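I opened this model to look up its fold, its core, its charge pairs and its surface. My entries follow in the order I made them.

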Amino acid sequence: MSRRPIEELVDLDSLSREGRAPSPRAIREALPPGWVLDEDGKTARRDLRILAREGWVLALGLVLFGGAAIVLFMETFPKGWKGVGRAGLLIVLVLLAGGIVGPLVTRALNRRAGH
């Protein structure tokens, strides 16, 4: 696991007020995205929570739920190449929607988390 002193990631002098050390809250808010303050208050580590790592969770969920939808509705597709074409079109639409919606949701989650 990658740990670094907070001085390498944050300018503590700019966070100090009237000569007092910055509060842990101010340090946490100033850390770059993907970093969390350790319990000791002197080091930071990479954030390994599931939603902190960009959008791979969203992409994986999109693929799994899209695949499940195709399997559930496979019997409603026409037989032959027409059905394969319709399934391909649905896959393309799911990937296109994921390419647009995934980054929007990721940005919104990061903004809400205070990054």
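**Contacts and overall form**

I began with contacts, meaning heavy atoms within 4.5 Å. Among contacts in the chain between residues at least 6 apart in sequence, 40% join residues at least 24 apart.

I noted the ground rules next. This is a predicted model, where local features need pLDDT of at least 70 and side-chain atom pairs count only at pLDDT 80 or more, while totals for chains, interfaces and linings use all residues. Residues are numbered from 1 along each chain as its sequence is written, and side-chain values use heavy atoms, with hydrogens and water left out.

I checked the dimensions. The C-alpha atoms fill a box of roughly 75 × 25 × 20 Å along the principal axes. The radius of gyration of the chain is 22 Å, against near 13 Å for a compact globule of 115 residues. That radius is taken over C-alpha atoms, and the globule rule is 2.2 Å times the number of residues to the power 0.38.

I listed the secondary structure. The chain has 5 helices and 3 strands. From the N terminus the order is β-α-α-α-β-β-α-α. These elements are DSSP runs numbered from the N terminus: helices are H or I with at least four residues, strands are E with at least two.

I then looked at the surface. The accessible surface of the chain is about 8,800 Å², and 63% of this belongs to carbon and sulfur atoms. The areas come from the Shrake-Rupley method with a 1.4 Å probe, and for residues only the protein chains shown count as cover. Of the 115 residues, 19% count as buried. Buried means under 20% relative accessible area, exposed over 50%, and partly exposed in between (1.4 Å probe, protein chains only).

**The core**

Which residues form the largest nonpolar core? It has 9: Ile6, Leu9, Val10, Leu12, Ile27, Leu31, Trp35, Leu37 and Ala44. Helix α1 (6-9) and strand β2 are the elements that give two or more residues to this core. A nonpolar core here is a set of buried Ala, Val, Leu, Ile, Met, Phe, Trp, Tyr and Cys residues joined through side-chain atoms within 4.5 Å. In soluble globular proteins, nonpolar side chains tend to be buried together.

I picked Val10 from the core. Val10 sits in the loop between α1 and α2 (12-15). Val10 counts as buried because its relative accessibility is 8%. Leaving out residues up to four places away in sequence, Val10 touches Leu15, Ile27, Ala30 and Leu31.

I took Trp35 next. With the same sequence neighbours up to four places away not counted, Trp35 touches Ser2, Arg4, Leu9, Ala44, Arg45, Arg46 and Asp47. I followed Asp47, which is in the loop between β3 and α4 (56-73). Asp47 is at 4% relative accessibility, so Asp47 counts as buried. Asp47 and Pro33 are 14 residues apart in sequence, and their C-alpha atoms are 8.6 Å apart.

**Charge pairs**

Side chains of opposite charge can pair when their charged atoms come close. I counted a salt bridge when a side-chain nitrogen of Lys or Arg is within 4 Å of a carboxyl oxygen of Asp or Glu. The count is 4.

Arg3 and Asp38 form one of them, at 2.5 Å from N to O. Arg3 is in strand β1 (residues 3-5) and Asp38 is in the loop between β2 (35-37) and β3 (43-46), so the pair ties together parts 35 residues apart in sequence. Arg3 is partly exposed at 48%. Asp38 is buried at 7%.

Asp38 also pairs with Arg45, with the closest N and O atoms 3.0 Å apart. Arg45 is partly exposed at 23%. Arg3, Asp38 and Arg45 are thus linked in a network of salt bridges.

Arg25 and Glu29 form another bridge, at 3.1 Å from N to O. Both lie in helix α3 (residues 24-30), 4 residues apart, about one turn of the helix. Arg25 is exposed at 56%, and Glu29 is exposed at 51%.

**A nonpolar patch**

I ended on the surface. Leu89, Leu90, Leu93, Leu96, Ile100, Val101, Leu104, Val105 and Leu109 form a nonpolar patch, with about 770 Å² of accessible area together. Patches are made of residues with over 30% relative accessible area and no salt bridge; like charges are joined within 9 Å, nonpolar side chains (Val, Leu, Ile, Met, Phe, Trp, Tyr) within 5 Å. Leu90 lies in helix α5 (residues 81-112). Leu90 counts as partly exposed because its relative accessibility is 34%.
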